[in-house]
Amino acid sequence: MSVLSILRTSVGLRTIVITGSTAAVVSVASALPSDASWAPKPEPKFWSEVRLQMMDQETSAPSDWTFMEAMQSPKIDAAEYLRDPRREQQTVTFQALLLMRKGDGNPWGMRQLSMRAQCLEGVLERQDQQGGWSVYPGRQGTASKVNWICAQAPNP
């Protein structure tokens, strides 16, 4: 997988730097045609345990996060989740959760982001602290994921 972005996140007093396109749930659309039948696989037990442990540490109750996908390598472990998809015309906003650690010996980090899927364009965007939206750096297969996310919040 190619390196497309650097995600910096702070968890408590620790700073975790994640390099790689798989460290985030969202991405720009690929030039390849999307696979309309993409759907996330069930959450593996390993990731469920990590998520529940991180939620306990943050003193927030486990919630209805939907597992999207994960990757594990000697350099990074990362899992992506979403919840609360809400449609407004051809845009679906949602909360994204990233669980990550850089190498086995490092602590886990967790970050929540406000995101949106632009259903017609097949791209994902993230909201900054000032409320503005920007295209989120991506990887191959994003358009398929956007299609799936948009289907989670059907038109009224």
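## Second largest pocket and two buried residues

In the second largest pocket, strand β6 supplies the largest share of the lining, namely four residues. The structure is a predicted model, and this briefing covers that pocket together with two buried residues, Q118 and K145.

**The second largest pocket**
- The space in the second largest pocket amounts to about 150 Å³, and the elements that contribute two or more residues to its lining are β6 (109-118) and β7 (123-127).
- The residues that line the second largest pocket are R111, Q112, L113 and S114, together with R126, Q127, D128 and Q129.
- Sorted by class, this lining consists of four polar residues, three charged residues and one nonpolar residue.

**Q118 in strand β6**
- Q118 belongs to strand β6, and because its relative accessible area is 12%, under the 20% cut-off, Q118 counts as buried.
- A polar contact of 3.0 Å joins the side chain of Q118 to the side chain of T91.
- When residues up to four places away in sequence are not counted, Q118 touches Q90, T91, V123, E125 and V146.

**K145 in helix α2**
- K145 sits in helix α2, which spans residues 142-152, and K145 is likewise buried, with a relative accessible area of 8%.
- Although K145 and M68 are 77 residues apart along the chain, their C-alpha atoms are separated by 8.7 Å.
- With neighbours within four places in sequence left aside, the contacts of K145 are with W38, E69, R139 and Q140.

Methods:
Residues numbered from 1 in each chain as written. Predicted model: local features only at pLDDT ≥ 70, side-chain atom pairs only at ≥ 80, totals over all residues. Heavy atoms only, no water. 1 Å grid on protein atoms, 1.4 Å probe; cavity = no way out; pocket = protein on both sides within 12 Å on 5 of 7 lines; lining within 4 Å. Points joined across faces, edges and corners; volume = space filled by probe spheres on them. Nonpolar A, V, L, I, M, F, W, Y, C, P; charged D, E, K, R; others polar. Buried < 20%, exposed > 50% of the residue type's maximum accessible area, 1.4 Å probe, protein only. Polar contact = N/O pair within 3.5 Å; in protein donor to acceptor, adjacent residues only side chain to side chain. Contact = heavy atoms within 4.5 Å.
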